[in-house]
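Open the model in your viewer and keep the selection box handy. We will go stop by stop, and at each one you can select what is named and look around.

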Amino acid sequence: MRKIARLIMGLILLIVIAVGGYGYYLYDSTLKPVDSQDETVMNYKIEPGTTTKRVNQQLAELGLIKHPKMADLIVRLNDWSHIQAGEYALSPSLTLEEMYQKFEAGDVTEPDMVKVTIPEGYDLEYIAAVMSPLVGLTAEDLLMEWKNPNYVRTLIDEYWFLTEDVLQEGIKYPLEGYIYPITYAFVDDIYTVDELTHELLNLTERKLNPVRDLFEKSSLSIHQVMALASVVEGETQRTEEMPTVAGVFFNRINSGMYLQSDMTVLYALGDHSVRVTEAMTRVDSPYNTYVTQGIPIGPVSSPTLDAIQAVLQPEEHKYLYFIADMFNCVDGKTHFFETYEEHMAFYRANLLPSYEAGASVCK
């Protein structure tokens with residue numbers, strides 16, 4: 001019996017090794033070019049609404065990848081989900097990652113494509129300014145369309161991440177924070193407002209779907225997550241610092257402190273070009289976190305997925321204060337402190353002259 005048991009265990013081990021080896025082979029061969037020496041260019045067109053699963057099937061049919069199902073897994077693991085419609089120049093010498101970099105960047109071959117970039121942390125007024133030519137409207141008219149409560153309710157019915165919270169009294173723009181910051185590629189044509197809005201929100205949905213379960217587990221509402229993420233985005237210089245900054249804000253909320261984010265003051269004032277003064281921090285607005293306790297009434301900019309994930313999974317620590325070494329006087333990083341005295345001592349010793357001058361005057 002023991003010999004049989006050992007034989008069975010040996011066979012199981014061999015099967016596990018074989019399956020694992022084959023899995024690694026599939027993974028590795030899917031990542032690599034089909035033929036690194038073959039630079040034959042072929043045009044491949046992604047139609048609007050095409051899923052990444054369908055793209056991988058089509059790439060396999062064209063002989064540009066070997067294993068479409070493994071490609072599906074790789075795309076999900078790496079969050080290469082933002083693919084833009086258009087015609088692309090591909091070849092068998094490209095890796096799967098290189099092809100998806102083209103799809104995400106909208107690196108299309110058509111000369112009649114228009115690229116529009118929304119930088120991280122920019123607000124809806126900026127977005128309306130750069131998007132309005134696509135719908136043949138002024139930025140002000142586009143913003144008015146996006147403020148129409150009847151239209152916004154149709155969007156709430158369609159997208160899981162939009163809730164009635166975006167229409168609460170005091171909200172400046174209902175869609176603020178919900179248009180993802182990235183480079184978009186559009187056909188050089190005039191869109192309707194509805195067509196444009198769906199192009200933008202469809203991308204936001206693709207970006208947020210992978211973390212939908214985290215939203216459901218969060219103690220915050222979806223709208224609160226997006227609002228706080230926009231503050232984290234604006235207050236953080238480095239992506240890797242976002243969970244720590246988010247942790248500071250949660251500590252402040254839990255201890256009854258005000259968030260005191262300059263980003264929220266500037267948004268309340270509608271002016272991002274000035275330095276915040278003490279008098280400005282007293283502006284009466286549900287967005288101003290110097291006078292309104294807790295999370296602002298809504299987002300103050302468009303946060304990235306990194307900022308959103310930082311709020312959904314904040315770092316646990318005891319810090320209540322932080323300040324960014326934006327003039328690179330020490331190390332260019334954000335510094336965190338548990339007490340106000342530590343915070344101010346660091347500021348006076350290292351950053352005060354540069355902050356007052358608005359430029360680097362570090363010794």
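Is arginine 238 buried, partly exposed or exposed? Select arginine 238 and show its surface: this residue is partly exposed, at 29% relative accessibility. Keep in mind throughout that you are looking at a predicted model.

**Stop 1: around arginine 238**

Leave arginine 238 selected and add glutamate 240. Their side chains meet in a salt bridge, with N to O at 3.7 Å. Now add glutamate 241, which also forms a salt bridge with arginine 238, the closest N and O atoms being 3.9 Å apart. Through these shared partners, Arg238, Glu240 and Glu241 are joined into one network. Colour the two glutamates by accessibility and compare. Glutamate 240 counts as exposed because its relative accessible area is 55%, over the 50% mark. Glutamate 241 counts as buried because its 8% is under 20%.

For another pair, go to aspartate 107 and lysine 102. Their side chains meet in a salt bridge at 3.5 Å, N to O. Aspartate 107 is partly exposed, with a relative accessible area of 34%. The count for the model comes to 8 salt bridges.

**Stop 2: a buried aspartate**

Next, select aspartate 325, in the loop between β5 (321-324) and β6 (334-337). Which side chain of opposite charge is nearest to aspartate 325? The answer takes you back to arginine 238, 7.8 Å away. Aspartate 325 is buried yet has no salt bridge. Why does that pair not count as one? A salt bridge needs the nitrogen and the carboxyl oxygen within 4 Å, and aspartate 325 has none.

What does the side chain of aspartate 325 reach instead? Turn on the backbone atoms here. A polar atom of this side chain lies 2.7 Å from the backbone nitrogen of cysteine 329. The side chain of aspartate 325 also reaches the backbone nitrogen of glycine 332, at 2.8 Å.

**Stop 3: two positive phi values**

Stay in the loop between β5 and β6 and select asparagine 328. Its phi is near 55 degrees, a positive value in a residue other than glycine. Most residues other than glycine have a negative phi. Asparagine 328 is exposed, with a relative accessible area of 53%.

Then jump to glutamine 260, in the loop between α11 (242-254) and α12 (262-269). Here too, phi is near 55 degrees and positive in a residue other than glycine. Glutamine 260 counts as partly exposed, at 39% relative accessibility.

**Stop 4: a negative patch**

Switch to a surface view and select Asp157, Glu158, Glu164, Asp165, Asp188, Asp189, Asp194, Glu195 and Glu199, which form a negative surface patch. Two elements give two or more residues to this patch: α7 (149-158) and α8 (193-208). Which of them gives the most? That is α8, with 3 residues.

Now pick out aspartate 165 from the patch. Aspartate 165 lies in the loop between α7 and β4 (183-187). With a relative accessible area of 31%, aspartate 165 is partly exposed, so it passes the patch cut-off of over 30%.

**Stop 5: a nonpolar patch**

Keep the surface on and select Tyr27, Leu73 and Leu77. Together these three make a nonpolar surface patch of about 270 Å². Leucine 73 sits in helix α3 (residues 68-78). Leucine 73 is partly exposed, with a relative accessible area of 34%.

**Stop 6: the whole chain**

Zoom out, then select valine 41, in the loop between α1 (2-31) and β1 (42-46). Valine 41 counts as exposed, at 58% relative accessibility. Draw a distance from its C-alpha to that of glutamine 293. The two are 58 Å apart in space and 252 residues apart in sequence.

With the full chain in view, switch to cartoon. How many helices and strands are there? The chain has 14 helices and 6 strands. Its C-alpha trace spans about 75 × 65 × 45 Å along the principal axes. Of the 363 residues, 46% count as buried.

Technical notes:
Residues are numbered from 1 along each chain as its sequence is written. This is a predicted model: local features need pLDDT of at least 70, side-chain atom pairs count only at pLDDT 80 or more; totals for chains, interfaces and linings use all residues. Side-chain values use heavy atoms; hydrogens and water are left out. Patches are made of residues with over 30% relative accessible area and no salt bridge: like charges are joined within 9 Å, nonpolar side chains (Val, Leu, Ile, Met, Phe, Trp, Tyr) within 5 Å. Accessible areas come from the Shrake-Rupley method with a 1.4 Å probe; for residues, only the protein chains shown count as cover. Lys and Arg count as positive and Asp and Glu as negative; His and the chain ends are not counted. The place of a charge is taken as NZ of Lys, CZ of Arg, CG of Asp or CD of Glu. Helices (H or I, at least four residues) and strands (E, at least two) are DSSP runs, numbered from the N terminus. Buried means under 20% relative accessible area, exposed over 50%, partly exposed in between (1.4 Å probe, protein chains only). A polar contact is a pair of N or O atoms within 3.5 Å; within protein, one must be able to donate a hydrogen and the other to accept it, and residues adjacent in sequence count only if both atoms are side-chain atoms.
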